[in-house]
Amino acid sequence: MPVIKWMFAVALLMFVASPATHAEEAYLNYKTYCMQCHGMHGKGDGVNVPAMNILPRDHSDHDYMMKRTNSEIYKVIKFGGPAINKSVKMPSWGDTFTEEELRELVGHIRRLCCEKELIRGVNFK
């Protein structure tokens with residue numbers, strides 16, 4: 001009986017901790033791979049900006065990001081800017097991230113721009 005309680009507690013802990021873990025993992029991936037151009041808060045003001053002739057997208061720009069679907073954001077991360085007719089300066093990260101990590105990055109970008117809509121349950125497709 002104690003083994004079953006222990007297994008249940010571990011399973012419950014994994015279920016409860018999982019969303020936070022995914023959000024943290026997405027943040028760390030964004031910090032490692034995206035912040036150099038897009039900045040710490042996604043405002044397009046990263047350390048690489050002074051050397052760029054095309055400015056990176058401001059992920060905190062609510063109006064612009066509301067016009068983009070999750071599918072478009074996913075495509076541009078996985079295949080690079082040209083996948084959605086944007087800058088060739090945006091590299092493709094499809095060989096770097098798993099499918100789950102790509103989806104988590106989309107979620108992180110949505111949190112940067114559209115926290116209120118996420119709370120309300122807006123479907124970004």
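This report describes helix α4, the largest pocket, and the charged and aromatic contacts of the structure. The model is a predicted one.

**Helix α4**

Helix α4 covers residues 70-79, and its buried residues are Ile73, Tyr74, Val76, Ile77 and Lys78. An α-helix has 3.6 residues a turn, so residues three or four places apart point the same way. After α4 comes glycine 80, which has a positive phi near 95°.

**The largest pocket**

The volume of the largest pocket is about 520 Å³. Its lining comprises 29 residues, and those closest to the centre are His38, Arg57, His59, Val76 and Met90. Two or more lining residues come from each of α2 (35-38), α3 (62-66), α4 and α5 (99-120). Helix α4 makes the greatest contribution to this lining, with four residues. Sorted by class, the lining of the largest pocket holds 19 nonpolar, five polar and five charged residues.

Val76 therefore appears in two roles: Val76 is one of the buried residues of α4, and Val76 is also among the residues closest to the centre of the largest pocket. Arg57, another of the residues closest to that centre, takes part in a contact with an aromatic ring. Arginine 57 lies over the face of tyrosine 64, at a distance of 3.6 Å from the ring centre.

**Salt bridges**

Side chains of opposite charge can pair when their charged atoms come close. How many salt bridges does a search of the whole structure find? The search finds two.

One of them joins glutamate 72 to arginine 68, with 3.1 Å between the closest N and O atoms. Arginine 68 is buried, at a relative accessible area of 17%, whereas glutamate 72 counts as partly exposed at 24% relative accessibility.

The other is formed by the side chains of lysine 78 and glutamate 99, with an N to O distance of 2.7 Å. This pair links distant parts of the chain, for lysine 78 belongs to helix α4 and glutamate 99 to helix α5, 21 residues apart. Lysine 78 is listed among the buried residues of α4, while glutamate 99 is partly exposed, with a relative accessible area of 36%.

**Aromatic pairs**

A pair of aromatic rings is described by the distance of the centres and the angle of the planes. The count of aromatic pairs comes to three. Two of them, which include tyrosine 33, are set out below.

| Pair | Centre to centre | Angle between planes | Arrangement |
|---|---|---|---|
| Tyrosine 33 and tryptophan 93 | 5.2 Å | 65° | edge-to-face |
| Tyrosine 33 and phenylalanine 97 | 5.0 Å | 80° | edge-to-face |

Tyrosine 33 lies in helix α1 (residues 2-33) and tryptophan 93 in the loop between α4 and α5, so their pair ties together parts 60 residues apart in sequence. Phenylalanine 97 also lies in the loop between α4 and α5, so its pair with tyrosine 33 of helix α1 ties together parts that are 64 residues apart in sequence.

Which residues do ring pairs link into a cluster? They are Tyr33, Trp93 and Phe97. Within this cluster, tyrosine 33 is partly exposed, with a relative accessible area of 33%. Tryptophan 93 counts as buried at 18% relative accessibility, because the cut-off for buried is under 20%. Phenylalanine 97 is likewise buried, at 6% relative accessibility.

Terms used. Residues are numbered from 1 along each chain as its sequence is written. This is a predicted model: local features need pLDDT of at least 70, side-chain atom pairs count only at pLDDT 80 or more; totals for chains, interfaces and linings use all residues. Side-chain values use heavy atoms; hydrogens and water are left out. Buried means under 20% relative accessible area, exposed over 50%, partly exposed in between (1.4 Å probe, protein chains only). On a 1 Å grid over the protein atoms alone, a cavity is a set of points where a 1.4 Å probe fits but cannot get out, and a pocket is an open set with protein on both sides within 12 Å along at least five of seven lines; lining residues have an atom within 4 Å of a point. Grid points are joined across faces, edges and corners, and a volume is the space filled by probe spheres set on the points. Ala, Val, Leu, Ile, Met, Phe, Trp, Tyr, Cys and Pro count as nonpolar, Asp, Glu, Lys and Arg as charged, and the others, Gly among them, as polar. A salt bridge is a side-chain nitrogen of Lys or Arg within 4 Å of a carboxyl oxygen of Asp or Glu. Rings of Phe, Tyr and Trp (its six-membered ring) pair if their centres lie within 6.5 Å; planes under 30 degrees apart count as stacked, over 60 as edge-to-face and the rest as tilted. A charge sits over a ring if NZ of Lys or CZ of Arg is within 6 Å of the ring centre and within 35 degrees of the ring normal.
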